[in-house]
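Work through the following exercises with the sequence and the structure side by side. Each task is followed by a solution that goes step by step.

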Amino acid sequence: MFSLESGSGFWNPILWILIFSIAFLLFYGIRGFGKSTYKKDTDQTKAFLSGNEEPSAEEMHVKASNLYWGFTTSMKTVYTELRKMHTGNTSDYVLWFVIILACLFLIIGVM
Amino acid sequence: MEKRTIVAVLVFTIVAVFFFFSLFLIHPFGKPGQVNMDDHIIANTQNETGTNNGVTSVVFDYRGFDTLGEATILFAAVAGVLMIFRRVKQ
Amino acid sequence: MIEYIPFIAVVTMIFIGLYAVLFRRNLIKIVIGITIIESGVNLFLIILGYREGGVAPIFTSLPAGTTYPAGMVLPVPQALTLTSIVIGVAVLALMLSLVMHIYRKYGTLDVRKIRRLKE
Amino acid sequence: MNNIDVLIEQSPALIIAIPLLGAFLMPLVSRINSTVRNIFGLLVLCLTGFFVGMLASDVLANGPRLYIFGAKDLAVPMVRILFEVDSMSIFMALITMVLAFIAMIYSWSFMKDHDGLDKYYTLVLLLITSTLGMELTGDIFNFFVFLEISCIASCALIAFWISEGEALEAAFKYIVVSAIGALFVLFAIGMLYAQYNALNIATLANVLKYTFLDKIILVLLVVVLGMKAGLVPMHMWLPDSYGRAPPSVTLIIMGATLASFYGVVRVIFTLYGNVLSTTMRFSIPLNVLVGWILITLAIISIIVGVAMALIQSDLMRLIGFSAVAEVGYMFLAIGAGIAALGTPYATTALHGGILHLLNDALDIGLLFLVAGAVYYVTKKRSLDDISGLARNMKYTTVFFIIGLLAVAGMPPLNGFASKFLIYESVYQLNPILSIVAILCSILMLAVFVKVFYAVFMGPELPAFKNVTEAPKSMLLAMGLVAALAIFIGLFPNLVIDALVKPAADALLNHAQYIGTVVGGI
Amino acid sequence: MSGMSKIVKTSVNILFPLTMIFGLYVIAHGHLTPGGGFQGGAIVASGCAMIVVAYGSKWVFKQIKENRLATFESIGAVGFITVALLGLVFSTVFFGNFLAGSNLLFGTTPATGSTGADFNTGGVLPLMNFAVGVKVIAGLFVIVLVMAYASSVKEWDT
C-alpha cells in the first residue's frame, strides 16, 4: 500500500522499517550475551594510555579541517583547480555568467 | 595578456555577435510589427479608465499590479538602506 | 541600416556596462557599469514602442489632425520603462550604501581585495 | 455563490495583498512593542497560509484558476496582468509557506537580541510576498518585478549582520549578480514583447514560433534563472550569501532560489512547451538538446557542490555548498524529464525532481536551522573551534542526525524517496549519470559525518562546558521540519499522489495552461 | 557635509517652494498630462535633496528624523494598497477601477478623442498617484538623507 513505484522498482519504507527493527532486535539480543560486569562512571570507562595521564580536551581535539586529509591530498589536482575557480572576485562571478551565456548561445543558437 | 582577459574578450565577442544578429531581426525602429495590445489600450483608455493619459492608464490601471510591485521595490530599498545604516548596539 | 542604429546603440551600451563590470576594479565603477547596462535596457524598451511620427499617447490638447491609434506611440513600453527606472533607483541606492559600508570595513574599493569569502 | 467561493475566487489576489499590507504596516506596528510585532507577523502569515491552503484545495480539485487584476473577464488582447495558478504553482506556494512559517517561529528566539528588527520583519514579509508572486504569476513582466523584489529584499537581509564585513561583501556580490541577471531577463522580455506584442505567458506560449530571436530569449531566461537557482559554475554567490545571512532568513532566501528554479521549469515546459519537439539541425529535437544541457550543468553542480563542501571549515558555508549539490539533483531530474519527454521514466524523473524540491527545502533548511542553533549558543562559525556539543544539546543533535541522513539520501528519510526516483529514472536515460549521482550522495554523507563528528562528537572543550540547549521556539521550528522530513520519508506516496503528480501533470500538460487563458475568451 | 554659503542657502530658499509646487502639480495632474506619482515625487524629492546639499545633512537630520519619513512612506504604501483593496470591495476585483464612470469623485468619463483637461476624471488613478507621490517623496528623501548623513559622520557604527 505504501510502496513507491518507479516503473522499474519499488520502495516501501514500512517494510524497510519492519526489517530494520527485526535486525535491531536480533542485534540487541546478541548484545545481551556480553559481559554484565561493565559499570559506568568507574575507572573501567577511563582510557588507558600505558599509565600516562590523559591529555587535556584541547590536545585531544582533532580539528575538522584535518579530517579526510588523505582524501583531499590524493585529490590534490582536482582541488587546486576547484580552489582556483572560486576566486571570490565579484567580476569573475559575472564572467562565469557571461561564459555560460556564450556557450549556450553557441550551442542553441547555431543548432 | 592574462588568461582571464583572453577568455573574457572571446566570450564578450561571441555574446556581442549574437546580440547584434538578434537585434536585426526585431522590427525596424519606428515600425512596430504587431500592435494589437497597444492599439486596444489607446483606443479604450478614455472610456474604460476615464483617463486622458494613456501611459498613466497603463501604469495604474491595466498594469496597476506591476506598479504595486514597483512601489514595493522602493519600500524594500528604503527598508534595506535604513537597515544597513542602522546604529548597532555596542 | 539607418533604422537599426538605435538597436546598435542599445547593444553598445549594454556591452560598455558589461565591460565596466568585468574589467574595472573599483566597486563604484562596477556600480556605474550596472547602471549603464540598465540604461541600455531601458533605451531598448522605449525604442520598441516608437511609431514613426507618433505623439505621446495623451489626449489632453492633442495636436490637431492626429489620427489615433496609428499616430500615437505605444504606451506599454513606456510603463515598463517607468517600472524599470524605479527598480534601477532602488538597486542603485542599495548597492551604493553597501559600497559605503564595505569601504568602512575593508578600507579599500578594489574588487580584487574584497574577497574574504572565497574557496 | 456562497462566501467560501468568493474567498477562493479572491484568494490569488489576497495571497499577495495580505503579506504586502502586513509588510507596509510592520514599521508602524513595531512601534508598539516586540511581542505585538511578532504576533502580527505570525498572524499575517497565518492568514496568507489559510488562503494558500484554500486555493490549493480548489486548484488540485478543479484545475487551473485565473485571477485578472482590474477586470472581471478576459478581454481579447491580454492587456491586464493575470495570475494563473496551476498545481505546480500551488505546490511551490505551499513549500514557500512552510518555509516562511518555520523561519518566522525560529526568528522569535534567534533574532531576539538584535536591533533593527522592524526592518528585518518588514523585509522577511516582502521576501515571502515576492516569492509567492513569482510562483503564482501568469505575466512575464510581473515575474520580473517580483524577481527584483526578492533580489532587493534578500540582499538587504543577507547584509543584516552589518558589523561583519563578510556579510556586506556577500550582499554586494549577491546584488551585483542578481541585478545583472535581472537586467538580462528584462532584455529578453523586451524581445518577446517586440515580437509578439504580449506579456502574458500563456498568450506568448500560444504564438511562439521558435525563431532565432526566441533561441536567444530561451538562453537568456534559462541562464539567468539557472544562475539565480545556483547552477554551477554560476553558483558562487550562493554559498557566500547562504553562509553569511542569518540562518532564519536563509530558509526564505532558499524559497526564493527554488522559485527561480520554478522559473526555469516554467519557461521550458510552458513558455516553450509548444515548440519543445521542434527538430533542429542534425535532426535533434529541442527537448533533447535543452535536457542534455541541463543534465550536464546539473552533474557539474553535483560534483562541484559536494567536492567543495568537503573542504569547507565554515559550517554555514559548507551547508551552502551542499545546497548547490541538491539543486544539481533537481536539475538532473528535470533535465532527464525534458530529454526523454514522452517516455514513462521521464514522468518518474519529473516526480522525483519535484518531490526533491520539497525535500531539499526541508533538509537543507533543517541543517541551516541546526547550524543557526549552534551559532546561537557558541557564537562561532568555524568547525575547527567547535567540539563536543552533543553533551549539552541533545535535541539539536537528534535533529542534526535526521537532517544528515535526509540530505545524504539515507532510507527511510525523505531524501531517499526522491533520490530513489531520480536514480531509477536517470539510470534508464544513461547509467553513468545515475552512478555519479549515487557516488556524490555517498560523498555528501561523508561531508556531514565530518560535520557531525566535529560539532557534536569529540572532546568537550572547556569553552563549551556551560552551553545550554537552544531556546524553545528554535527547537519547535527544528522539530516541525524534522517531523515533516520523517513523515515524507515514511509516506512518500501520499505526498506524491496528493501534490507531486498533479504538479508534474500540470507541467507536462502545457495545452491546458494555455487553453485556460486563450480558450477562455 | 556642513552647510554651504549664504548665497546658496538663500537661492535654495527661493527655489525650494517652486520645485515643491511644480512636483505637486505633476503629481496632481498625472492622469491628464505627462507625469504622475513617481515623476512628481522624484521632483519634490530632488528639491528636498537640494536642501540637504545647501544646509548640510546634520542640520536637516536635526529637523526631521528618518523614522518619521519612513512612517510617511509606510502611510503612502498603505494608502496605495488600500485603494487597490477598495477596488476588491466595490468592484469585486483587486485593482478594480471602481470610481471610473461613477460620476462621483474623479468619476467623469472624458469625451473620446482630443479633449481639454478635466481634472475630475480618471477614477482611482489620481488617488493612486497621490499615494505613490507621498511614498516616493518620503522614500527618495530618506535614502538621500540617510546616505548623506552617514557619509558626513565619521564613526557611524562599531
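The exercises below deal with a predicted model, and they move from contacts between chains to single residues.

**Exercise 1. Describe the interface of chain A and chain D by its residues, its buried area and its polar pairs.**

Step 1. Begin with the residues: 46 residues of chain A are in contact with 68 residues of chain D, and among the 9 pairs of chains that touch, chains A and D have the most contacts.

Step 2. Turn to the area, where chain A and chain D bury about 5100 Å² between them, with 80% of it on carbon and sulfur atoms. On the side of chain A, the residues that lose the most area to chain D are Tyr93(A), Phe97(A) and Met111(A), which together make up 15% of what that side buries.

Step 3. Count the polar pairs: there are 0 salt bridges between chain A and chain D, while 7 residue pairs are in polar contact, both residues being at pLDDT 80 or more.

Step 4. Assign the side of chain A that touches chain D to its elements, and helix 5 of chain A gives the largest share, 13 residues. By class, this side of chain A has 31 nonpolar, 11 polar and 4 charged residues.

**Exercise 2. Describe the interface of chain E and chain D in the same order, and then establish how chain A and chain E stand to each other.**

Step 1. The contact involves 17 residues from chain E and 20 residues from chain D.

Step 2. Between them, chain E and chain D bury about 1500 Å², of which 70% is on carbon and sulfur atoms. In chain E, the most area is lost to chain D by Ile81(E), Val93(E) and Phe94(E), together 32% of what that side buries.

Step 3. The rule finds 0 salt bridges across the interface of chain E and chain D, but it does find 6 residue pairs in polar contact there, both residues at pLDDT 80 or more. The side of chain E that touches chain D divides into 8 nonpolar, 7 polar and 2 charged residues.

Step 4. Chain A and chain E do not touch, and their nearest C-alpha atoms are 24 Å apart.

**Exercise 3. Check the length of helix 3 of chain D against its expected span, and decide how far the helix is enclosed.**

Step 1. At 1.5 Å a residue, the 24 residues of helix 3 of chain D should span 34 Å, and the end C-alpha atoms are 34 Å apart, which agrees.

Step 2. Of these 24 residues, 20 are buried, so helix 3 of chain D is largely enclosed by the rest of the structure.

Step 3. Take one residue from this helix: Ile95(D) is found in helix 3 (residues 87-110) of chain D. Its relative accessible area is 5%, and because the cut-off for buried is under 20%, Ile95(D) counts as buried.

Step 4. Leaving aside neighbours within four places in sequence, Ile95(D) is in contact with Leu258(D), Leu357(D), Leu358(D) and Ala361(D). The C-alpha atoms of Ile95(D) and Val44(D), which are 51 residues apart along the chain, are separated by 17 Å.

**Exercise 4. Is Asn287(D) buried or exposed, and which residues does Asn287(D) touch?**

Step 1. Locate the residue first: Asn287(D) lies in helix 11 (residues 286-310) of chain D.

Step 2. Asn287(D) has a relative accessible area of 8% and is therefore buried, the cut-off again being under 20%.

Step 3. Not counting residues up to four places away in sequence, Asn287(D) touches Leu276(D), Ile338(D), Ala339(D) and Leu341(D).

Conventions. Residues are numbered from 1 along each chain as its sequence is written. Chains are lettered from A and ligands numbered from 1 in the order in which they are written. This is a predicted model: local features need pLDDT of at least 70, side-chain atom pairs count only at pLDDT 80 or more; totals for chains, interfaces and linings use all residues. Side-chain values use heavy atoms; hydrogens and water are left out. Helices (H or I, at least four residues) and strands (E, at least two) are DSSP runs, numbered from the N terminus. Buried means under 20% relative accessible area, exposed over 50%, partly exposed in between (1.4 Å probe, protein chains only). Contact means heavy atoms within 4.5 Å. Buried area is the accessible area (1.4 Å probe) that two parts lose on being put together, summed over both. A salt bridge is a side-chain nitrogen of Lys or Arg within 4 Å of a carboxyl oxygen of Asp or Glu. A polar contact is a pair of N or O atoms within 3.5 Å; within protein, one must be able to donate a hydrogen and the other to accept it, and residues adjacent in sequence count only if both atoms are side-chain atoms. Ala, Val, Leu, Ile, Met, Phe, Trp, Tyr, Cys and Pro count as nonpolar, Asp, Glu, Lys and Arg as charged, and the others, Gly among them, as polar. The expected span of a helix is 1.5 Å times one less than its number of residues.
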